[in-house]
Amino acid sequence: MTRRLTRRLVIAGTLLAAGAAIAQAPSSRPIKLVVPFGAGTTTDIVGRTLADALGRQLGQAVIVENKPGAGGAIGSEQVAKPGTDGQTLLMGTVGTHAINPSLYKRLSYSPLRDFAPLGFVGATPTLLVVPTASPWRNVADLRQAGDAAVNFASAGNGTSGHLAGELLNVRLGKKFVHVPYRDGAQAMTELVAGNVQFMFYHPAAVLPQVRAGRLRALGVSSAKRSTAAPDVPTLIEQGVPDFDLVAWFMLYAPATMPADQRDRLREATRLVLAQPEVREKLSQQGIEPSDMSGAALDAFARAEIAKWGEAVQRSGAQID
C-alpha cells in the first residue's frame, strides 16, 4: 500500500468517525413537549415537571407547548402525524391513549402503532366534588337527585372525568347531562360558581378548593382511598358497585423517532423519574409514581385500552 493511499484512508476514516460522533450527539435544537390539555391542568403541571427535569438531565432545552381540545386528541394527532421532526414528545394520559380509541368513532392516531412509550409517570384516582352550596353530602344524596336538574362537568370529551361521570350514570341508573369544557381549570371554575353540579377531577387540582371551602369531596373513583385524601370514602364504599377508575400519565415519543434517539430519551426519562425531587413533586399532585418499564409498558397499555373500551361500551358514551 502506497504512502499516499494510506494517508487518504486515514483521512477518510477520521471523517467517518467525526460524522458518526455528530450524528450521535444531542441536537442543539430544543425538544418540544406537547401537552394536549390547557395550562394549569394536572397534565400541564406533570408535563412541566418532566420538561424541567429532562432539560437538566439532557443538557438540552425542553419546551412545553399546550395544544388542548377534543379530549387531548388534537395535541396527540400533532405528535403522531407523519413528518414529525424527531424533536417532539407527548405528555400522554389515560384519556389520549386508553379512552379515546373507543370513545371517538374516528380517531386519526393509534396509541399502539403511532407512539413509543418513554416512561410511565404514575397514576391517580379522581375525586367526585360538588360546590359547597350543594345539598349533597354523600353519593346517597346524589342518587336521590332528579336527572333533569343535574349536569356534570369535565375537562373535555373523552377525558377520564367524562367517562367517570358516564359510568356513574350507569351505576346509579341516572341520566345526568355531561357538559364538556375546554380544560379542567375552566370546568372547575364553572363548578365553583355553581353553574354545574359535580365533576370528577384530580386531587391536586380540587383539594385546594376543598380546603378553601369552595368545594366538597363526596367520593374517590378508585377501589382504594387516595393517599392525597385518605378521609374521603370510595364510591364502592358508598354502595356504587364495580367502580374503579384511575387516571395515569405516560411520556411518549412518536413511533417514527430514530431508535437511538428514542433509547437516549427513554434512559433520560428513567433517570429523571427516579429522582427524589421529581417523585416528591408528582406526589404533591396526588400521583403515585411507578417503576414500570420495558415490556410491562406495552402490556399495561394494551390492558388499559381493553379495560376502558369495555367501560365506554357499558356507559354508552360515543363521540363523532
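**Exercise 1. Strand β10 and its partners**

Task: In this predicted model, find which residue in β10 stands opposite L90, then place β10 in its sheet.

Solution.
Step 1. The residue facing L90 is Y252 in β10.
Step 2. Strand β3 (residues 88-93) and β10 are joined by 4 bridges and run antiparallel.
Step 3. Strand β4 (residues 115-125) also pairs with β10 in the antiparallel sense, over 9 bridges. Within β10, L251 stands opposite G119.
Step 4. The strand order is β2-β1-β3-β10-β4-β11, an open sheet of 6 strands with mixed pairing. In that order β10 is written between β3 and β4.
Step 5. Strands β2 and β11 (288-289) stand at the edges with a single partner strand each, so one side of each has no neighbour in the sheet.
Step 6. Helix α9 (residues 259-273) packs on this sheet and touches β1 (31-35), β3, β4 and β10. The direction of α9 makes about 20° with that of β4.
Step 7. As for cover, 8 of the 9 residues of strand β10 (residues 246-254) are buried.

**Exercise 2. The rings around F198**

Task: Classify the aromatic pairs that F198 forms with F152 and with F176, and state which parts of the chain each pair ties together.

Solution.
Step 1. A pair of rings is described by the distance of the centres and the angle of the planes. Planes under 30 degrees apart count as stacked, and planes over 60 as edge-to-face.
Step 2. The structure holds 9 aromatic pairs. For F152 and F198 the values are 5.4 Å centre to centre and 15° between the planes, and the pair is stacked.
Step 3. F152 belongs to strand β6 (residues 151-154) and F198 to strand β8 (residues 198-201), so this pair ties together parts 46 residues apart in sequence.
Step 4. The ring centres of F176 and F198 are 5.7 Å apart and their planes lie at 75°, so this pair is edge-to-face.
Step 5. F176 sits in the loop between α6 (160-172) and β7 (177-180), while F198 is in strand β8, so the parts tied together here are 22 residues apart in sequence.
Step 6. Are these rings buried or exposed? F152 and F198 are both buried. The relative accessible area of F176 is 3%, and F176 is buried too. For F198 the relative accessibility is 0%.
Step 7. One aromatic cluster is formed by F152, F176, F198, F200 and F243.

**Exercise 3. The surroundings of Q197**

Task: Locate Q197 and list what its side chain reaches and which residues Q197 touches.

Solution.
Step 1. Q197 is in the loop between α7 (184-192) and β8.
Step 2. Its side chain reaches the backbone nitrogen of N151 at 2.7 Å.
Step 3. Leaving aside residues up to four places away in sequence, Q197 touches V129, V130, P131, W136, A149, V150, N151 and L191.

**Exercise 4. Positive phi outside glycine**

Task: Give the phi values of A70 and D242, and say where each residue lies.

Solution.
Step 1. Most residues other than glycine have a negative phi.
Step 2. A70 has a positive phi, near 55°. A70 lies in the loop between β2 (62-66) and α3 (73-80).
Step 3. With a relative accessibility of 37%, A70 counts as partly exposed.
Step 4. D242 has a positive phi as well, near 50°. The loop that holds D242 runs between β9 (215-220) and β10.

Technical notes:
Residues numbered from 1 in each chain as written. Predicted model: local features only at pLDDT ≥ 70, side-chain atom pairs only at ≥ 80, totals over all residues. Heavy atoms only, no water. Phe/Tyr/Trp six-rings, centres within 6.5 Å; stacked < 30°, edge-to-face > 60°. Helix = DSSP H or I, 4+ residues; strand = E, 2+ residues; numbered from the N terminus. Buried < 20%, exposed > 50% of the residue type's maximum accessible area, 1.4 Å probe, protein only. Polar contact = N/O pair within 3.5 Å; in protein donor to acceptor, adjacent residues only side chain to side chain. Contact = heavy atoms within 4.5 Å. Pairing = 2+ DSSP bridges. Axes fitted to C-alpha atoms, helices over the stretch in contact; angles between N-to-C directions.
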